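Work through the following exercises with the sequence and the model in view. Each one sets a task and then solves it step by step.

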Amino acid sequence: MAPRLPFRALRRCVRGAWIGLCVGLAWSGVAIGCTAPAHQTTQMPESLSNLWPGPGGSLAWYDGPTTRYAHGVLGDTIEATQLHAYSESAQTLCGQQSFVLPDELVFEDTAPRLVDLNSDGLPEIVVVQSHQRLGAQLAIYEIPSNGEALRQIAATPFIGRPNRWLAPIGAADLDGDGSVEIAYIDRPHLARILRVWRLVDGVMVEVATLEGLTNHRIGEDFITGGLRNCGDGAEMITADSDWSQVMATRLTGGTLQTRALGRFSADAITSALACAL
């Protein structure tokens, strides 16, 4: 479960995935003109992504808090308007590249996700962004190697109505074919549809859908579940539609197959993600 804390939370290193980075980026060699690591100046420190494990030491995060989209699905009406990325190899001052959304959009999300979607060894950024009239969509941003601004390269369609959201599960090679898929729950409080997409030649292509699953309750500042691999392929861990069961779902041969692992509880989700259920 990945919580989104109030944006006024103290700027301190608390997430295990980036403690080492916080120490390392108390830099001994900050670029001229940089008084602190870029991510330490954000007003939304809870949105810091996991550290990219490959070359470049990349990070991504949100900033520019706004209340211009008063949905409040994550527990408050504060959303982000800016997406930032840091890389040790970026050809920019302080190693930072950014993108600012137009007025009709916000990032309605817990944190950006770094995923290599095109198998080039470098990450793309996967986000949830929402439109004032059209609701949410999953969008992919590229981190240009030449230091230019971040740019959107693909997206799923908007849901089509305001105050309609989607909750990401994760991204991985879900069917073992060598390509990375992205999974999310479409309208986890209403439609409760698992959707799996793949980036193909710069276009998001839907691979499979399955009704009757969810991973978020209105007002919670985290998304329940995620991905696991217990040695025999990736599985998506969610709840069923009425939150009574923990569910494990696989993508096999272009179809989604799901099974119950046990009665739902927060501890059961933790156990499932740890392959103990």
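**Exercise 1: an open sheet**

Three strands, in the order β1-β2-β3, make up an open sheet with antiparallel pairing; describe its edges and its geometry. Strands here are DSSP runs (E, at least two residues) and helices are runs of H or I with at least four residues, numbered from the N terminus, and two strands pair if DSSP finds at least two bridges between them.

Solution. The model is a predicted one, in which local features need pLDDT of at least 70 and side-chain atom pairs count only at pLDDT 80 or more, while totals for chains, interfaces and linings use all residues. Residues are numbered from 1 along each chain as its sequence is written, and side-chain values use heavy atoms, with hydrogens and water left out.
- Step 1: β1 (59-63) and β3 (96-100) are the edge strands, since each pairs on one side only.
- Step 2: neighbouring strands of this sheet are turned against each other by 20 degrees on average, direction ignored, where axes are lines fitted to C-alpha atoms and angles run from 0 to 180 degrees between N-to-C directions.
- Step 3: β2 (residues 82-86) is joined to β3 by five bridges, the two running antiparallel, and Y86 stands opposite Q96 in β3.

**Exercise 2: the disulfide**

Locate the disulfide (a pair of cysteine sulfur atoms within 2.5 Å) and state which parts of the chain it ties together.

Solution.
- Step 1: searching the whole structure yields one disulfide, formed by C230 and C275 with their sulfur atoms 2.1 Å apart.
- Step 2: C230 sits in the loop between β14 (226-229) and β15 (234-240), and C275 in the segment after α2 (266-273), so the link ties together parts that are 45 residues apart in sequence.
- Step 3: the link of C230 and C275 is left-handed, with -95 degrees about the S-S bond.

**Exercise 3: two salt bridges**

Compare the settings of the salt bridges D103 to R68 and R198 to E181, each being a side-chain nitrogen of Lys or Arg within 4 Å of a carboxyl oxygen of Asp or Glu. Buried means under 20% relative accessible area, exposed over 50% and partly exposed in between (1.4 Å probe, protein chains only).

Solution.
- Step 1: D103 and R68 meet at 3.7 Å, N to O, with D103 in the loop between β3 and β4 (105-107) and R68 in the loop between β1 and β2, 35 residues apart.
- Step 2: D103 is exposed at 61%, whereas R68 is partly exposed at 28%.
- Step 3: R198 and E181 meet at 2.6 Å, N to O, and both residues are buried.

Terms used
A disulfide is a pair of cysteine sulfur atoms within 2.5 Å.
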